[in-house]
Amino acid sequence: MGNNNNMVCDLQTGVCGVAEEEDVEIIDFNQPTKAVNLYYVTDPICSHCWALEPVLRRFVEQYGNFFNFHTVMGGLLEKWHDGPIDPANGIHKPADVAPHWREVGEHSRMPIDGTLMIDNPVQSSYPPSRVFKVIQKNHTDAKATEYLRRSREALFAFNQNISDKSVMIEIANHIGLDGKAIVNEAEQQVGLQLLHEDFDLVRRLGVRGFPTIIMTNEENKGVKIVGSRPLDNYVDGLKKVLNLEDLQPKPVPSLSDLLEKEKLLFSKEIEVMYDVEQADVKFLIEQELPTNHYQVNEILGELYFTATK
């Protein structure tokens, strides 16, 4: 799609790209669906998508049995060019993105360093998006999602250039795949084709900003929720799509199961999943996990926890 004028992420709306006028908009799609389908339109370098991760994880954990989850690549940055990218917001070059990212990181408490965009900027979000699509095709949605998560950690928290071939290979290797083969395939026509299929879907869904979540039901009616929103917005949207007054959520997973599955969790993610205050996270970890099962670290003033078993 190449939304090169959409690099600024607005703190009030939680949108990277064009903000819609309404928080929750009722929409109608005339396409056959068998059940509720949820389309999560995103991009590897979308800072508000990173900010949404704590809420989205809880929503999927507790309500995922009500819908089929589809991750769709939106194409936030095709390439930088000589002219101004987004002059209205002061975005003329990659370095101008860094303060916007830092602001999103501080506001959401999902840590973002951002200095990479000054020193060694991501030139395009398309390469890691193509790798995501190839993993999705050759392996599973879960593996592709794991790749996307590790990429975002690498970019936002650990300041790595996730459009760099060697970094993409390393991330794929780290999750147990043949990184070289996958990245090579992503650079071929097949990678391009898979990504453009997603872009076609994004256009059909009428999505212009990220993150956008669209849920549609069997009657081809749905809701569109744009931006990084509180959990209640997504639950209310799902109720509308299902035409139900009340939904019974599944219990949240145990902290030990969650950390084993996710491998790395930031403090904010634990706070959102378990409704605990920031000051109580360490106590919860100590109560729930054997000391040899995790490590605690700090980055950009935020604690994060990694599984050691």
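## Briefing on the predicted model

Proline 211 sits in the loop that runs between strand S6 (209-210) and strand S7 (212-216), and the peptide bond leading into this proline from phenylalanine 210 is cis, with omega near -5°. The structure described here is a predicted model, in which the secondary structure of the protein amounts to 12 helices and 11 strands. The points below turn from the whole chain to its cores, then to one helix pair and to two residues with positive phi.

**Overall make-up**

- The protein has 309 residues, of which 55% count as buried, and it exposes about 13,900 Å², with carbon and sulfur atoms supplying 46% of that area.
- When contacts between residues at least 6 apart in sequence are considered, 71% of them join residues that are at least 24 apart.

**Nonpolar cores**

- The largest nonpolar core holds 80 residues, and within it Phe59 and Met215 touch the most other members; helix H1 (residues 47-63) gives the most to this core, contributing 8 residues.
- Once its neighbours within four places in sequence are set aside, phenylalanine 59 is in contact with Leu38, Gly64, Phe67, Met215, Leu231, Tyr234, Val235 and Leu238.
- A second core, separate from the one above, consists of 13 residues, among them Leu259, Leu265, Ile270 and Ile285.

**Packing of H11 and H12**

- Helix H11 (residues 267-274) packs with helix H12 (residues 281-288) at an angle of about 75°, their axes lying 10 Å apart; because angles of 65 to 115 degrees count as roughly perpendicular, that description applies to H11 and H12.
- On the H11 side the contact is made by Ser267, Ile270, Glu271 and Tyr274, while H12 brings Val281, Leu284 and Ile285 to it.
- By character, the residues of this contact between H11 and H12 divide into 5 nonpolar, 1 polar and 1 charged.
- Ile270 of H11 and Ile285 of H12 take part in this contact, and the second core includes both Ile270 and Ile285.

**Positive phi outside glycine**

- Arginine 109, a residue other than glycine, has a positive phi near 65° and is found in the loop between helix H2 (97-108) and helix H3 (116-119); with a relative accessibility of 16%, arginine 109 counts as buried, since the cut-off for buried is under 20%.
- Leucine 300, likewise a residue other than glycine, has a positive phi near 50° and lies in the loop between strand S10 (294-299) and strand S11 (302-307); its relative accessible area of 45% makes leucine 300 partly exposed.

Terms used
Residues numbered from 1 in each chain as written. Predicted model: local features only at pLDDT ≥ 70, side-chain atom pairs only at ≥ 80, totals over all residues. Heavy atoms only, no water. Axes fitted to C-alpha atoms, helices over the stretch in contact; angles between N-to-C directions. Helix = DSSP H or I, 4+ residues; strand = E, 2+ residues; numbered from the N terminus. Parallel < 35°, antiparallel > 145°, perpendicular 65-115°, else oblique. Contact = heavy atoms within 4.5 Å. Nonpolar A, V, L, I, M, F, W, Y, C, P; charged D, E, K, R; others polar. Buried < 20%, exposed > 50% of the residue type's maximum accessible area, 1.4 Å probe, protein only. Areas by Shrake-Rupley, 256 points an atom, 1.4 Å probe, with all protein chains shown as cover. Core = buried A, V, L, I, M, F, W, Y, C linked by side-chain atoms within 4.5 Å.
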